[in-house]
Amino acid sequence: MTIVDVSLFELDAQVPQSYADDIEIGMRAEVTIDGSNHGATVTSISPEILDNQVLVRMKFEGEPPMDLRRNQRVNGRIVLREIPDVLVVPRGQFLSSGGGRIAYVIDDESIARRTSIQTGAQGSSSIEITQGLSAGDRIILSNTESFQDYASVLITQ
């Protein structure tokens, strides 16, 4: 993102075209400046596509951060959807090993048991689990192809 107008506290973000249909005026966004998060709102979406990117303009909510400079680069994200009370796990090779339907849950005796799961929303670093796991479950995130679909595997170190 880039600060475009310091007096109006507006920012421009180049968003991949694949997300353009999901973004709407009024959506919330978070902007990170010097390690501090600030709320923002989408105010406009350009209909023009350049280099597979869409220009999205946002405005800070509430009190803007101090010491903003024109053309300053900042990090941010647009909140496309909020799902309350979601079980999220880090994204790992276990997803491709089990086709996104299998996880190995480790119990207190260091035995990993094969468990059927269902996944939901996926991000670049995490994935929603809609069925099959509970909060506090420990799972194997690495590749599980070597387990050859065994029902359980003893974990040794």
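**Exercise 1.** In this predicted model, find which residues Glu-128 is in contact with, leaving aside neighbours within four places in sequence.

*Solution.* Start by placing the residue: Glu-128 sits in strand 11, which covers residues 126–131. Now list the partners. One set is Ile-83, Val-86, Leu-87 and Val-88. The other is Gln-118, Thr-119, Gly-120 and Ala-121.

**Exercise 2.** Work out how far away the nearest side chain of opposite charge is from Glu-128, and whether Glu-128 is buried or exposed.

*Solution.* Glu-128 turns out to be buried. Its nearest oppositely charged side chain belongs to Arg-81, 5.3 Å away. A salt bridge needs a side-chain nitrogen of Lys or Arg within 4 Å of a carboxyl oxygen, so Glu-128 ends up with no salt bridge.

**Exercise 3.** Decide how to class Leu-55 by accessibility, then find its contacts.

*Solution.* Locate Leu-55 first: strand 5, residues 53–60. Its relative accessibility is 31%, so Leu-55 goes down as partly exposed, given that the partly exposed class lies between 20% and 50%. Next, skip neighbours within four places in sequence, and you're left with Asp-12, Ala-13 and Gln-14, plus Ser-44, Ile-45 and Ser-46. For a distance check, take Ala-20: it is 35 residues from Leu-55 in sequence, yet the C-alpha atoms are 9.1 Å apart.

**Exercise 4.** Pick out the residues that touch the most other members of the largest nonpolar core.

*Solution.* This core has 16 residues, and the ones to pick are Ile-23, Val-31, Val-42, Val-56, Met-58 and Ile-78. Then look at the strands: 2 (10–16), 3 (28–33), 4 (36–50) and 5 each supply at least two residues of this core. There's also a second, separate core of ten residues, with Val-89, Phe-94, Ala-103 and Ile-127 among them.

Terms used. Residues numbered from 1 in each chain as written. Predicted model: local features only at pLDDT ≥ 70, side-chain atom pairs only at ≥ 80, totals over all residues. Heavy atoms only, no water. Buried < 20%, exposed > 50% of the residue type's maximum accessible area, 1.4 Å probe, protein only. Contact = heavy atoms within 4.5 Å. Lys, Arg positive; Asp, Glu negative; His and termini not counted. Core = buried A, V, L, I, M, F, W, Y, C linked by side-chain atoms within 4.5 Å.
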